[in-house]
Structures are given as C-alpha cells and as structure tokens.
Amino acid sequence: CGGGVQRRLVRCVNTQTGLPEEDSEQCGHEAWPESSQPCGAQDCELTEAPRCERDRLSFGFCETLRLLGRCQLPAIRNQCCRSCPTPGDGAPSRGHQRVTRR
C-alpha cells in the first residue's frame, strides 16, 4: 500500500532465434509494451495496535532493556509494552516509577 512503481526490462527479441535484436528498428512495426506501471496505489489500512495488558517478558528484564535504551526497537517495545510504551501513548509505565527500598 502507499504506492510504488513496478519496472521491467523490455527488449526487442527475434522470435525465431530467441536472441535480442542488435537493431531495435526491427521491432518498430509493433508498439512497445510499457516498461513501468504504478502499483500498490490503494490506501493503507490504519489498524489499531493491540492493547497492552502487561509485559510479555519479566519486569526486571524489560526494565534493564529500558535503561539500556532499547525501547526504541519495535520488537522490544512490543515485548515490553508496559515498561516501554509508545511515545505519546500516555500509558502508565512501571519503568518510570520511582521505587524506594528500605
């Protein structure tokens, strides 16, 4: 989706030998097919991301990944969706809570 261009090589070929013609004027008696065409022109479907209920990996591991700056990686953000919420989500993040141990 979103658009693109499909391209192909168009050559003049001798139908009896199957070899390319040195002189493309030999194929002048017929119209040449298009060498490119638009594709994927349909609109992209906007799908809502699945709701994050909890991290799929342990909290400690997700917290370590967050501290190492790995939340920017989509696979990590997906596995640790509570600790690494998508920016602007507004979802509560356990990884950003201050914990005091006594």
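**Fold, core and contacts of the predicted model**

Of the protein's 102 residues, 14% count as buried. The model is a predicted one, and its secondary structure comes to two helices and two strands. Going along the sequence, these elements follow the pattern β-β-α-α. As for contacts with a separation of 6 or more, 48% of them are between residues 24 or more positions apart.

The strands are a handy place to start. Gly4 sits in strand S1, which covers residues 4–7. Gly4 has a relative accessible area of 32%, so it counts as partly exposed. Leaving out residues up to four places away in sequence, Gly4 touches Gln37, Pro38 and Cys39. Strand S2 spans 36–39, so these three partners of Gly4 fall within the numbering of that strand. Gly40 also comes into the picture: the C-alpha atoms of Gly4 and Gly40 are 5.9 Å apart, while 36 residues separate the pair in sequence.

Between S1 and S2 runs a loop, and Ser24 is found there. Like Gly4, Ser24 is partly exposed, here with a relative accessible area of 39%. Setting aside residues up to four places away in sequence, Ser24 touches Cys12 and Trp32. From Ser24 to Arg11 the C-alpha distance is 8.1 Å, with their positions 13 residues apart in sequence.

Cys12 turns up again in the second largest pocket, which holds about 260 Å³ of space. A total of 14 residues line this pocket, and those closest to its centre are Cys12, Val13, Cys27, His29 and Glu30. By residue type, the lining divides into seven nonpolar, four polar and three charged residues.

Further along the chain comes helix H1, made up of residues 59–67. Gly60 has its place in this helix. With 41% relative accessibility, Gly60 counts as partly exposed. The C-alpha atoms of Gly60 and Ser83 are separated by 9.6 Å, and the two residues are 23 apart along the chain.

Helix H1 also carries a salt bridge. Glu63 pairs with Arg66, and their closest N and O atoms are 2.8 Å apart. Both residues lie in H1, three residues apart, or about one turn of the helix. Glu63 has a relative accessible area of 17%, which is why it counts as buried, the cut-off being under 20%.

The structure holds two salt bridges. Besides the pair in H1, the side chains of Glu53 and Arg51 meet in a salt bridge, with an N to O distance of 3.4 Å. The accessibility of this pair tells another story. Glu53 is exposed, with a relative accessible area of 57%, and Arg51 is also exposed, at 72% relative accessibility. Both values lie over 50%, so both residues fall in the exposed class.

What makes up the largest nonpolar core? Six residues do: Cys62, Leu65, Cys71, Ile76, Cys80 and Cys84. Cys62 and Leu65 fall within the residue range of H1. Cys84, another member of the core, makes contact with Arg66, Cys71, Ile76 and Arg77 once neighbours within four places in sequence are left aside. Among these partners, Cys71 and Ile76 belong to the core as well. Arg66, also in contact with Cys84, is the residue that forms the salt bridge with Glu63.

Note on methods:
Residues are numbered from 1 along each chain as its sequence is written. This is a predicted model: local features need pLDDT of at least 70, side-chain atom pairs count only at pLDDT 80 or more; totals for chains, interfaces and linings use all residues. Side-chain values use heavy atoms; hydrogens and water are left out. On a 1 Å grid over the protein atoms alone, a cavity is a set of points where a 1.4 Å probe fits but cannot get out, and a pocket is an open set with protein on both sides within 12 Å along at least five of seven lines; lining residues have an atom within 4 Å of a point. Grid points are joined across faces, edges and corners, and a volume is the space filled by probe spheres set on the points. Ala, Val, Leu, Ile, Met, Phe, Trp, Tyr, Cys and Pro count as nonpolar, Asp, Glu, Lys and Arg as charged, and the others, Gly among them, as polar. A nonpolar core is a set of buried Ala, Val, Leu, Ile, Met, Phe, Trp, Tyr and Cys residues joined through side-chain atoms within 4.5 Å. Buried means under 20% relative accessible area, exposed over 50%, partly exposed in between (1.4 Å probe, protein chains only). Contact means heavy atoms within 4.5 Å. A salt bridge is a side-chain nitrogen of Lys or Arg within 4 Å of a carboxyl oxygen of Asp or Glu. Helices (H or I, at least four residues) and strands (E, at least two) are DSSP runs, numbered from the N terminus.
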